[in-house]
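Hi there,

Here is the structure I promised to pass on. Have a look at it first, and my notes follow below.

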Amino acid sequence: MTNENTEHVKTYSYKEINIAMDSMRVMFDIVRLVDAEECREVSVSAEGELCFGKECYAVWNADHRCANCTSFQACHTHSKKTRVEYFNGKTFQIQSVPIILTLKDESPYCCNLELISFSDDAVEAAYHEEKTKWETSGYLSTHDTLTGILNWDGFCKGARNLISNNPEKKHLVISADVDNFRLVNTLFGNSKGNEVLIGIAKILEEMSGSTGVAGRCGGVNFALCIDEQDDLEKWLSELSSKVAELIYSPSFTLTMHFGIFDVENQNLPISIMYDRSYMALESIKTDESVFYAYFTDELLEKAVHEQKIINEFKSNLKSGQFIIYLQPQVTKEGVIEGAECLVRWCLPSGDILPPMEFIEILEQVGLIGSLDEYVWDLAAYQLSKWKGTEFDNLYLSVNVSPKDFYYLDIAEIFPSLCKKYDISPSKLHIEITETAIADEMSGNMATMEKLQANGFTVEIDDFGKGSSSLGLLKDLKADVLKIDMRFIQRCSDDDRSNVILESVIDMAKKLHMEVISEGIETKDQLNNLSELGCDVFQGFYFSRPIPVAAFEQYAKQRL
Ligand code: C2E
Ligand code: CA
Ligand code: CA
């Protein structure tokens, strides 16, 4: 399973790693690469192929180097772990450093670089105490406590043994996810939920038989490694029917989705095989018309592209490649009130990437917060530059991703930005999407209220895009409602939508909210919405988002 939190982990290309390891051999007695999840040594050929070697404890036979071993811990905490192990009268000092190897096909592979020295400082007693601990926890380190089948590490080892011991056979690695499991817990209770997971585990173990391996990777994710099947669809259908029988309910059917990786290269790490099967699964997860999909090269290309975006983002966030474009917000008379800040990624090639090329990817891997914080800083800085100039009265409106609520202390960051740049909170408008509020009503709502109490203007962005809009109006205490452009564009040619729009604007007014319409492209839309009572407009009809200098030119004539 690829670890997400890889921010501080050094990356080596397959060309660099052997050279780097050779240079380290001057200082250490043993330098090797270890796959902590499979507990095995790995090496990389000059051509960039991975090769799996012996189990990693074999060098000095520290009997149970698994769940508690240095590599495992270093891999999962992304830290350098040093420990001392004792064998055959010698003490080994092991440093385990997590790294990312970029393989020949550019896919990233997480493993550990182990730097081992022999030393005479025996800490034998401590070693034996720990060893006993490992031995007693041996079963737990490879088995899932709820279902009793293999856990992730157990599965990795089991699958590797299966593949290595039967090199002449073709194998499949399959990931399996239960759909809507939250509903199972909600409808039937948590203990039924657990019962179902145990039931699924049993079915998977039975179906994979004596020649296959089944494991639970956590939550509702299961993994299988089985022989190639004559009729895989039939095999999976049979499995799905057995799973469906675990719940008898006229209103709910228990279903699963499967992703399949055809093991052609037996030397790929099991974690990569599983990741690829999971990529296939993810591509159909929300599609009810199919229940399984094979991994394809296109999926890999997409993943590699996403990884590139992530790597480039990490190394370039603070290097000036990210800038803000401003899109004016004007009254119906054309007077400019402020602007929305929309981020742009200016590549060294001169190309400018629009946010839809990277925002979603950054949201998925939990990096959006660092981008947003940076953009908010740019906006606050811009406001400070406008102080005492003709643009002094303009506000800037910034976007807050729903994910920011998890990673950032939003209620704290905005006031400290105002302090840092000595600007008034009233100049910073904060756009929060309807989904952020709908998903986690209470916590996020409280954050919004704190911001309002501190003088910030809170806007609900993309209103009308989600499904729960009208109900939400009742609970929202935002200052501004921004009506989503798709909603507005639908209304141009649909009377019924127009009626709804009118009522929404009317309701917002009665709730003392200002209404901004976005995506205004035509004069007709402008006239229609201003008749319906909308106060402020944003859209290509007035201006596209433009660089700050161009915005200043635009604004000069409309203040
Ligand atoms: P959004 O917040 O709904 O921003 C409005 C988007 O609509 C902008 O796209 C803008 O260029 C586009 N737009 C404005 N007027 C019109 C129009 O008349 N017609 C059409 N067809 N489109 C119009 P952009 O700049 O590509 O941004 C897309 C989305 O990316 C934004 O949607 C927002 O959700 C997100 N985004 C942009 N900057 C940031 C940021 O700094 N942080 C976060 N978290 N998200 C951002
Ligand atoms: Ca917005
Ligand atoms: Ca919007």
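Which residues are the protein donors of the calcium ion (ligand 2)? In this predicted model, the donors are Glu340 through OE, Asn399 through OD1, Glu431 through OE and Asp461 through OD, and they lie 2.1 to 2.3 Å from the ion. Along the sequence, the donor residues follow the spacing E-x58-N-x31-E-x29-D. Asn399 belongs to strand β16 (residues 395–400) and Asp461 to strand β18 (residues 457–463), so this pair ties together parts that are 62 residues apart in sequence.

If you plan to set up the metal site, please note that Asp461 has a second role: it bridges the calcium ion (ligand 2) and the calcium ion (ligand 3). The two ions are 3.9 Å apart.

Are these two donors buried or exposed? Asp461 has a relative accessibility of 5%, so it counts as buried, the cut-off being under 20%. Asn399 has a relative accessible area of 24% and is partly exposed.

Now to the surroundings of Asn399. Its strand, β16, is mostly covered, with five of six residues buried. β16 has these partners:

- Strand β14 (residues 336–346) pairs with β16 in the parallel sense, over three bridges. Here Gly338 stands opposite Tyr395 of β16.
- Strand β17 (residues 428–433) also runs parallel to β16, and five bridges join the two. Here Val400 stands opposite Ile432 of β17.

Elsewhere in the chain there is an open sheet of five strands, in the order β9-β10-β8-β11-β12 and with mixed pairing. Its edge strands are β9 (213–218) and β12 (292–294), each of which pairs on one side only. From one strand to the next, the twist averages 20 degrees. At the β12 edge, strand β11 (residues 256–263) runs parallel to β12 and is joined to it by three bridges. One residue pair there is Ile260 with Tyr294, its bridge partner in β12.

Finally, something on the surface. Leu183, Leu187 and Phe188 form a nonpolar patch, and together they have about 240 Å² of accessible area. Leu187 sits in helix α6 (residues 181–188), and at 48% relative accessibility it counts as partly exposed.

That is what I have for now. Happy to talk any of it through with you.

Best wishes

Definitions and conventions: Residues numbered from 1 in each chain as written. Chains lettered and ligands numbered in written order. Predicted model: local features only at pLDDT ≥ 70, side-chain atom pairs only at ≥ 80, totals over all residues. Heavy atoms only, no water. Donors = N, O, S within 2.8 Å, 3.2 Å for Na, K, Ca; no water. Helix = DSSP H or I, 4+ residues; strand = E, 2+ residues; numbered from the N terminus. Buried < 20%, exposed > 50% of the residue type's maximum accessible area, 1.4 Å probe, protein only. Pairing = 2+ DSSP bridges. Patch = residues over 30% accessible without salt bridge, like charges linked within 9 Å, V, L, I, M, F, W, Y side chains within 5 Å. Areas by Shrake-Rupley, 256 points an atom, 1.4 Å probe, with all protein chains shown as cover. Salt bridge = Lys/Arg side-chain N within 4 Å of Asp/Glu carboxyl O. Axes fitted to C-alpha atoms, helices over the stretch in contact; angles between N-to-C directions.
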